[in-house]
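Q: Please take a close look at how the aromatic side chains are placed in this model. Give the geometry and the burial of the rings where they can be stated, and then set them in the context of the rest of the chain.

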Amino acid sequence: EMTQRLWAVDLNIRMTDTAVAFNLFHFVSRGRFDASSGNYYLPAAEGKEPETRSFVIHNSLQHPNLSTLHYNVFFGLCRSKGITFELEEKIGSIFHLVDSFARGTLGLLCCARKQSEALGIFVSNLEFINAQLGPVKDQRDSIGTGKPNFTESMGILRNLKPVYAHLEALPHGLRVSQLANTERSDMDDDDSIVSENYSETASAR
């Protein structure tokens, strides 16, 4: 008989990156997290079932050409492409700017009804940004840790999108088991990507 056990291997008594990411999502969504199901629900209108929301966030997307583009021009391009956040539906994209700390760097949060849909929005946004800024040249990032991570992050998220679409069609128990294996193999390369929907997702990390 196969059983699953959850072991506590670390205790971080501080505000972690994952907690900050969730707090930003929670701030814009104004819903509630249900620990028993692992789902995040929006407030429901009277007589209606509550809708779920999921999110994908990358805290530090590094593209050297970002520093050459004024923000008003960049956000104008995004608006023309429809890269916005719908306040009523709680679906869309939010940029958080960290350029004052690291040039050529920004964060991106994408929210949707399902995890695969949030990943799809995220990948579409990255492809649009990449088309506007051009390819990343072989140079060190703005904080001197290696090559800019923009292209690599886009590749990781492209690979995750069909995986999550498949997992969402599985029974809950099987979904959790496969999700844990997927995240260990595909997301270790870039731990600044945070993908949240089910409570077991966070546990698997």
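A: F22 has a relative accessible area of 26%, so this residue counts as partly exposed. The model is a predicted one, and the values below are computed from it. F33 has a relative accessibility of 39% and is likewise partly exposed, because the class runs from 20% to 50%.

A pair of aromatic rings is described by the distance of the centres and the angle of the planes. With a cut-off of 6.5 Å between ring centres, nine aromatic pairs are counted. F22 and F33 form a pair whose ring centres lie 6.3 Å apart, with 80° between the planes, and the arrangement is therefore edge-to-face; the angle needed for that label is over 60 degrees. This pair connects distant parts of the chain: F22 belongs to helix α1 (residues 17-29) and F33 to strand β1 (residues 32-34), eleven residues apart.

Another edge-to-face pair is made by F74 and F75, at 5.3 Å from centre to centre and 65° between the planes. The two residues fall into separate burial classes: F74 is buried at 4% relative accessibility, whereas F75 is partly exposed at 25%.

The ring pairs also build a cluster, which links F22, F25, F33, Y40 and F55. The last of these, F55, leads into the strands, since its bridge partner in β6 is C111. Strand β3 (residues 54-62) and strand β6 (residues 105-112) run antiparallel and are joined by seven bridges. β3 is mostly covered, with seven of its nine residues buried. In a regular strand the side chains alternate between the two faces of the sheet.

A buried serine gives a second view of the strands. S93 lies in strand β5 (residues 91-97) and is buried at 8% relative accessibility. Beyond its neighbours within four places in sequence, S93 is in contact with I83, T84, F85, L108, L109, C110, I121 and N125. The C-alpha atoms of S93 and I83 are 6.3 Å apart, although ten residues separate them along the chain.

Aromatic residues also occur where two helices meet. Helix α3 (residues 115-133) packs against helix α4 (residues 150-167) at an angle of about 150°, the axes being 9 Å apart. α3 is therefore roughly antiparallel to α4, and the crossing is left-handed. The residues of α3 that take part include F122, L119, V123 and L126, while those of α4 include F150, M154, L157 and Y164. S116 also sits in α3 and is buried at 13% relative accessibility. Outside its close sequence neighbours, within four places, S116 is in contact with K161, Y164, A165 and E168.

As for the whole, the chain holds six helices and seven strands, in the order α-β-β-β-α-β-β-β-α-α-α-β-α. Of its 205 residues, 43% count as buried. Among contacts with a separation of 6 or more, 62% are between residues 24 or more positions apart.

Definitions and conventions
Residues numbered from 1 in each chain as written. Predicted model: local features only at pLDDT ≥ 70, side-chain atom pairs only at ≥ 80, totals over all residues. Heavy atoms only, no water. Buried < 20%, exposed > 50% of the residue type's maximum accessible area, 1.4 Å probe, protein only. Helix = DSSP H or I, 4+ residues; strand = E, 2+ residues; numbered from the N terminus. Pairing = 2+ DSSP bridges. Phe/Tyr/Trp six-rings, centres within 6.5 Å; stacked < 30°, edge-to-face > 60°. Axes fitted to C-alpha atoms, helices over the stretch in contact; angles between N-to-C directions. Parallel < 35°, antiparallel > 145°, perpendicular 65-115°, else oblique. Left-handed = near helix turned anticlockwise from the far one by under 90°. Contact = heavy atoms within 4.5 Å.
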